[in-house]
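Me: I have a complex open here and would like to go through it with you. Could we begin with how the chains meet?

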Amino acid sequence: MTVIEKTSLIGKGVPKLDAPKKVSGEARYVQDIELPGMLHGKILRSERVHARILSIDTSAAKNLPGVHAVITAADTPGVPLGHGQDNPPLKGDRVRSMRDEVAAVAAETEAIAEEALALIRVEYEDLPAVFSPAAALLDDAPILHQKHPDNIPFTYEYGHGDVALGERESDVIIEDTFELHFVTHCCLGVSGVVARFDPEGNLTVYSQTQMPFLYKKEIAPVVGVAPEKIRVLQPAIGGGFGSKLDIYPFEPIAIFLARKTGRPVKLVFTREEEFIASPTRQPVVLTLRSGVKRDGTLTFRDARTLHDNGAYTSWGATTPFVIMQTISSLYRLPHCRYRTTVVYTNNPYSGSFRGFGNLQATFAVESHMDKLAEAVGMDPLAFRLRNAQKTGETTLQGMVFRSCGFSECLTTAAESSEFLEKRALYERYRKQSGPIRRGIGIASLLHVGGGAKIYRSDGCGTILKMDDYGHVTVLTGASEIGQGSETVIAQFVAEELGLPISWVSVVNDDSEITPWDVGVHASRTTFVAGNSAQRAARKAREKILRAAAENLGARAEELDLRRGHVVRAESGESLVELPRLLRSLHFAEKSDLVMTTEYYEPPSVAQDREFKGDVSASYAFGTHVVELEVDTETGVIRILEVTAAHDVGRVINALGIEGQIEGGVAMGMGYTLSEHLLVEKGVVQNPSFRDYKIVTAPEMPEVKMHFIESHDPEGPSGAKGVGEAPAICIPAAIANALANATGKRFYELPLTPEKVLRRLKDSRADR
Amino acid sequence: MSLEQKIELVLNGRKTTLSIPVEMSALTLLRDVLELTGTKRGCDEGECGACTILVDGVSMNACLLFAVDCDGRAVTTIEGLSTVDGLSPLQRLFVEKWAVQCGFCTPGMILQGTYLLSRNKDMSVTDIERGIEGNLCRCTGYKKIVEAIREAAEER
């Protein structure tokens, strides 16, 4: 008798399924796609920040041998792109930023296309330009879009309780203003696309999108192709981080060129172009005014933010949705008001970037929280614990915390890092001689962890099929952008069906065969796609067990699936090998296959007009403690250790979560310390990795990780999302550590040595 | 027409002879002529390390190297590290340790790691971190990459 013990894949460090392809160079990225007859596209961008286009002469470019097409706005339908519907792929009469697309070329080689660009003559008439939101709000500011003569495409207002009452209840009130800068994604794989039409007018796009189904819908009217005639293929994606949530002009431009030439067209950015013409995290000015009672209870918060939208409106303009969550609900807050203005400028336009406003918001809120704690004589940990919400609470914005490991995150990170002890010690160190100071800082975060009902459906579809040999193919709508969704999905399926992980393969790269999913955003994939896959697998399991029970003359509930066998649940005795059972089902008189489908829609609701509602099916929490060293003579900061505690619901893949945390720490450190897209009068000054510094290996500190398992009742096996979270509270934790080290607060990022030194020499104790 | 030159190199263990434009980079030769697309173009200016290859066993940025300078030398790309029967020990460790996310930096990172392993017997974590400083990764925070290289060093 073969006895098979029950084992589980949940929580195990299952290696990433697509890693063998990626380590061997076999994985194909969009840059690697070659199609027969393929041409190469290039875009001519504006030479002015704000100007009228008087004329475009493309004749010399068209005559260059090897050039197949040169297009301008006149060759396109002119339907604008983007969340604000204000961004025509090619600009006809006016440019509003340096990245603006004026013309495009398709040629036999990239070199010929480049040469052709240089032959295009554009005549401009300069217009007055504006480069800061504050200036763009002045009465006599230049107007960017006639539809918005005030330069304001969006405003948001939110409130709960009564701020005036909150003020009266406060013993201390503090107001702070924080200023955040331009940074950009720096995906290692630059932007690119391949577009191809077949003779029936069907369009195939090899795209890097992280939202393949919304992509079809959004791009269809812009390129004049019905969505049902568009097939989106997603080759391996060389980094997303939110940058592939929006559609950018280069994609419809490649499609126009493919249509015009009748040939496949590939359009890939240079790295310089990637810095100049891909999205940014929006610069935000945040002003927070908060009150607290002497016993440490928060009373109210009145917040204003001002966003530099750049010249066009992407989904990035909706980051106030996330910012207001942190402002209203990271802590229990009886009274809250939040007002924000999103403002057009002639700067590069902002997009979506991991954390989606939450790095900015959390930097402000968590720096501010340390000051409030100090004002009432509490330590930062006790003050946060006092105001932290618990499982079962509903915030006044309407978010229901069905599982909330926030307090555990705070205490675990603090204890593990010896936060309180070191904080007291380092405060004493300030009086010592020598330039080196040490500091330790704490900061926490709230982020959606179970999707976000921003779109009408936040669901994900799964189609599951089993072959005669027990191999499972899972077709999922969820896109893989490096985060490991395919592995987690396979784990859920293998777990339900009692199979080794190697028996499961995941197909996730072809809109023609995968079912709908809203896309990779809002840290939703493990939660939503995981739930969908798990439920599809449960249906398959039930079917298999029913068939087995019938064949074996047993009851289905007495049986279990383990390591490719049907076993007696109690004893583990193998009754039949699963492939044999599947074949007996397939080739029976009444033959059948195991094939199931599931569409999982999380039980969240769209926010109402007042931005209230339980927008996610689960919420993620986390606390980071940062320990650092600062040289007060050079201003150089060295991060020594990061202790991260995350409420992940339940660990599905420990290695995957660690990868998200370590990567998030690096990204958060870059944002805080060294990354700055320098935009001077609308022009990017540092479009290369030489001058734009992302974190490198030697800069990485020790990263200690703790997973808090709050077992979310709706999460698949209790899990919640953790993709964006690890980057979010690093900036505030660093700034708080720096305050501990130096006694000075920092209100602007990045904390470059120059900025740190200037602030340290500033004789004001605080501003 | 640009000037062409005939070169002969040992590419992933096979003698290869071809005629190429003198101004062509090794990266363009590998990717666009020889269709070895495992070598990635991340910046084309020697800043990101995604195109790292081994030339006579030494790691180099293929984007900064003229293809003609591969003449008479042995070139190893990521495709040369594995066979249909299996991955190299370092490739396998990258898989096991989850040292790969989007994977775009991975081939260059593995070749740089392979180079470091060939040079140093006892590498500290700091040595490895410094050794891969020129290879940028935006996903992983480098920790698992360093761990994979360290474990490969221990395994030998």
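Me: How many residues of chain B are in contact with chain A?
Reply: In this predicted model, 42 residues of chain B are in contact with 43 residues of chain A. Two residues are in contact if their C-beta atoms, placed from the backbone, lie within 7 Å.

Me: Which helices of chain B supply that side?
Reply: Each of α2, α3, α4 (125-131) and α5 of chain B supplies at least two residues of the side that touches chain A. α2(B) gives the most, with four residues. Helices (H or I, at least four residues) and strands (E, at least two) are DSSP runs, numbered from the N terminus.

Me: What is the make-up of that side by class?
Reply: The side of chain B that touches chain A has 19 nonpolar, eleven polar and twelve charged residues. Ala, Val, Leu, Ile, Met, Phe, Trp, Tyr, Cys and Pro count as nonpolar, Asp, Glu, Lys and Arg as charged, and the others, Gly among them, as polar.

Me: What scores does the predictor give the complex?
Reply: The complex has an ipTM of 0.98 and a pTM of 0.97. For chain B, the average pLDDT (the predictor's confidence in each residue, from 0 to 100) is 96, and 99% of the residues score at least 70.

Me: Any conventions I should know?
Reply: Residues are numbered from 1 along each chain as its sequence is written, while chains are lettered from A and ligands numbered from 1 in the order in which they are written. As the model is predicted, local features need pLDDT of at least 70 and side-chain atom pairs count only at pLDDT 80 or more, whereas totals for chains, interfaces and linings use all residues.

Me: Back to α2(B): which of its residues are buried?
Reply: In helix α2 (residues 89-96) of chain B, the buried residues are B:L90, B:Q91, B:L93, B:F94 and B:V95. A residue is buried if 20 or more other C-beta atoms lie within 10 Å of its own, exposed if 12 or fewer, and partly exposed in between, with C-beta atoms placed from the backbone.

Me: What covers them?
Reply: The cover includes α1 (19-23) of chain A, together with α3 (106-119) and α5 (143-155) of chain B. Just after α2(B), B:W98 takes a positive phi of about 60°.

Me: And chain B overall, in what order do its elements run?
Reply: Chain B has five helices and five strands, and from the N terminus on they run β-β-α-β-β-β-α-α-α-α. Buried residues make up 56% of its 156 residues.

Me: What radius of gyration does chain B have?
Reply: Chain B has 16 Å, which agrees with the value near 15 Å that a compact globule of 156 residues would have. The radius is taken over C-alpha atoms, and the globule rule is 2.2 Å times the number of residues to the power 0.38.

Me: Switching to chain A, where is A:V105, and is it buried or exposed?
Reply: A:V105 is found in strand β5 (residues 101-107) of chain A. A:V105 counts as buried because it has 30 C-beta neighbours inside 10 Å.

Me: What does A:V105 touch?
Reply: Not counting residues up to four places away in sequence, A:V105 touches A:G41, A:K42, A:A61, A:V67, A:V70, A:A113, A:A116 and A:L117. The C-alpha atoms of A:V105 and A:V67 are separated by 7.2 Å, although the two are 38 residues apart along the chain.
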